[in-house]
Amino acid sequence: MFSKDIGIDLGTANVLIYVKGEGIVLNEPSIVAIDTENKKVIAVGKEASDMFGRTPERVKAIRPMKDGVIADFEVTEIMLNTFIKKIKARTLFARPRILICCPTNITEVEKNAIKEAAERTGARKVYLEEEPKVAAIGAGMDISLPTANMVIDIGGGTTDIAILSMNDMVTSESLRIAGNVFDNDIIKYIKDKYKLLIGEKTAEDIKINFANVYKPSKTESLEVRGRNLLTGLPHTITITQDETKEALSDSLNKIIKSVTNVLEDTPPELSADIVDRGIVLTGGGALLTGLTDLLSEELDVPVLIANSPLTCVAEGCGALLTNNIKLLEEDNS
């Protein structure tokens with residue numbers, strides 16, 4: 001029996017798994033629910049996500065990935081093992097080759113932790129590749145040519161910014177400000193202004209379905225329910241779309257500053273390519289309403305969203321496993 005080649009987008013918010021010849025076979029939240037009294041795993045992935053913020057005290061729903069790297073090695077290993085068993089990628093007679101993506105600018109220790117977690121699931125061979133490169137390939141960009149391709153990958157834990165040419169990164173920057181920080185920005189804003197405590201899921205829902213960071217409406221409103229910090233009782237407030245921009249402005253300004261830094265470090269000939277070709281946004285953060293317009297205005301460069309921003313990294317894994325095993329061997333030699 002032949003072993004499978006699999007690509008894993010090991011994200012802070014979600015894990016996506018691509019199997020060569022089959023496509024994306026798994027897309028589940030990076031969450032594990034554990035009974036803290038007996039250390040028993042109760043649920044992994046979507047089932048654990050449904051428990052998030054709703055469990056009794058002895059049951060904790062844990063995100064083992066933080067800022068794109070492993071925060072809890074043991075729980076990450078449990079999560080990966082569960083998912084690999086679920087897709088039947090490992091058998092008694094065959095062990096898969098695994099490609100895992102990681103943020104740029106992480107330490108060798110953090111890279112080794114990711115690699116070791118994958119190896120302990122029973123992989124025959126583990127490759128590591130930097131996320132923006134894989135995201136660019138998944139977005140359909142030809143990074144093999146001597147022309148500039150610029151990608152901003154905004155995930156759950158990190159934003160990776162890179163300019164690529166001839167199968168390598170020319171300049172790059174990674175910052176630990178992304179989707180999860182956006183959620184916390186909204187939580188903090190509502191807590192400070194209205195003395196109302198809301199949960200992560202409520203904040204995420206506001207971010208996805210209501211927030212607008214470019215010319216938001218001052219009149220469009222949304223009712224938000226939470227716990228009043230003064231009385232301790234359930235309470236409802238109303239926020240405007242304009243307030244969501246205010247809540248997220250500080251984090252977005254830091255991302256814009258990092259993008260500016262990368263552009264300033266780029267050779268002039270490649271800068272000219274970016275003016276012509278634009279910047280491609282990938283990752284879940286790319287879907288934040290108004291973000292492309294905000295970046296285009298601030299950077300004076302066209303900004304586009306990839307066709308399938310949520311799955312670009314996984315699709316890029318598939319393209320590398322199918323067409324560029326030699327490139328993976330070179331990068332991991």
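1. Let's start at the end of helix 4 (residues 131-138). Right after helix 4 comes G140, and its phi is positive, near 90 degrees. Please keep in mind throughout that this is a predicted model. Helix 4 itself is largely enclosed by the rest of the structure, because seven of its eight residues are buried. Those buried residues are E131, P132, K133, V134, A135, A136 and I137. Charged residues may catch your eye in that list, since E131 and K133 are among the buried ones.

2. Two further backbone spots are worth a look. D67 is not a glycine, yet its phi is positive, at about 55 degrees. You will find D67 in the loop between strand 7 (65-66) and strand 8 (69-70). M166 is also not a glycine and has a positive phi of about 55 degrees. M166 sits in the loop between strand 12 (159-165) and strand 13. With a relative accessibility of 55%, M166 counts as exposed, because the cut-off for that class is over 50%.

3. Now for the open space. The largest pocket holds about 980 Å³. It is lined by 42 residues, and the ones closest to its centre are A13, N14, G156, E204 and G284. Several elements give two or more residues to this lining: strand 1 (5-10), strand 2 (14-19), strand 3 (23-29), strand 11 (149-154), helix 5 (179-194), helix 6 (200-209) and helix 10 (312-323). If you sort the lining of the largest pocket by class, you get 16 nonpolar, 17 polar and nine charged residues.

4. What about enclosed space? The count comes to one cavity of 30 Å³ or more, and the volume of the largest cavity is about 30 Å³. Around the largest cavity are I186, Y189, I190, I206, I239, E243, T244 and A247. Helix 5 and helix 7 (241-264) each give at least two residues to that lining. By class, the lining of the largest cavity has six nonpolar residues, one polar and one charged.

5. Which residue forms a salt bridge with K193? The partner is E243, with the closest N and O atoms 2.7 Å apart. This pair links distant parts of the chain, as K193 belongs to helix 5 and E243 to helix 7, 50 residues apart. The two ends differ in their surroundings: K193 is partly exposed at 46% relative accessibility, whereas E243 is buried at 8%. E243 is a name you have already met, as one of the residues lining the largest cavity.

6. E243 also has a neighbour to point out. P216 and E243 are 27 residues apart in sequence, and their C-alpha atoms are 8.6 Å apart in space. P216 belongs to the loop between helix 6 and strand 15 (221-228). With a relative accessible area of 12%, P216 is buried, because that class covers values under 20%.

7. K193 and E243 have company, for the count of salt bridges comes to 16. Another one joins R176 to E110, where the closest N and O atoms are 3.3 Å apart. R176 lies in the loop between strand 13 (168-175) and helix 5, and E110 in helix 3 (residues 108-119), so this pair ties together parts that are 66 residues apart in sequence. R176 is partly exposed, with a relative accessible area of 38%, and E110 is partly exposed too, at 21%.

8. Two more entries complete my salt-bridge notes. The side chains of E223 and R225 meet in a salt bridge, at 3.5 Å from N to O. R225 counts as exposed, with 55% relative accessibility. Elsewhere, salt bridges link D5, K20 and R97 in a network.

9. Last, a word on the surface. Which residues form a nonpolar patch there? They are L287, I305 and L310, and together they have about 270 Å² of accessible area. L310 is located in the loop between strand 18 (303-305) and helix 10. The relative accessible area of L310 is 51%, so L310 is exposed, as the cut-off is over 50%. Helix 10, which borders this loop, is also one of the elements giving two or more residues to the lining of the largest pocket.

Methods:
Residues numbered from 1 in each chain as written. Predicted model: local features only at pLDDT ≥ 70, side-chain atom pairs only at ≥ 80, totals over all residues. Heavy atoms only, no water. 1 Å grid on protein atoms, 1.4 Å probe; cavity = no way out; pocket = protein on both sides within 12 Å on 5 of 7 lines; lining within 4 Å. Points joined across faces, edges and corners; volume = space filled by probe spheres on them. Helix = DSSP H or I, 4+ residues; strand = E, 2+ residues; numbered from the N terminus. Nonpolar A, V, L, I, M, F, W, Y, C, P; charged D, E, K, R; others polar. Patch = residues over 30% accessible without salt bridge, like charges linked within 9 Å, V, L, I, M, F, W, Y side chains within 5 Å. Areas by Shrake-Rupley, 256 points an atom, 1.4 Å probe, with all protein chains shown as cover. Salt bridge = Lys/Arg side-chain N within 4 Å of Asp/Glu carboxyl O. Buried < 20%, exposed > 50% of the residue type's maximum accessible area, 1.4 Å probe, protein only.
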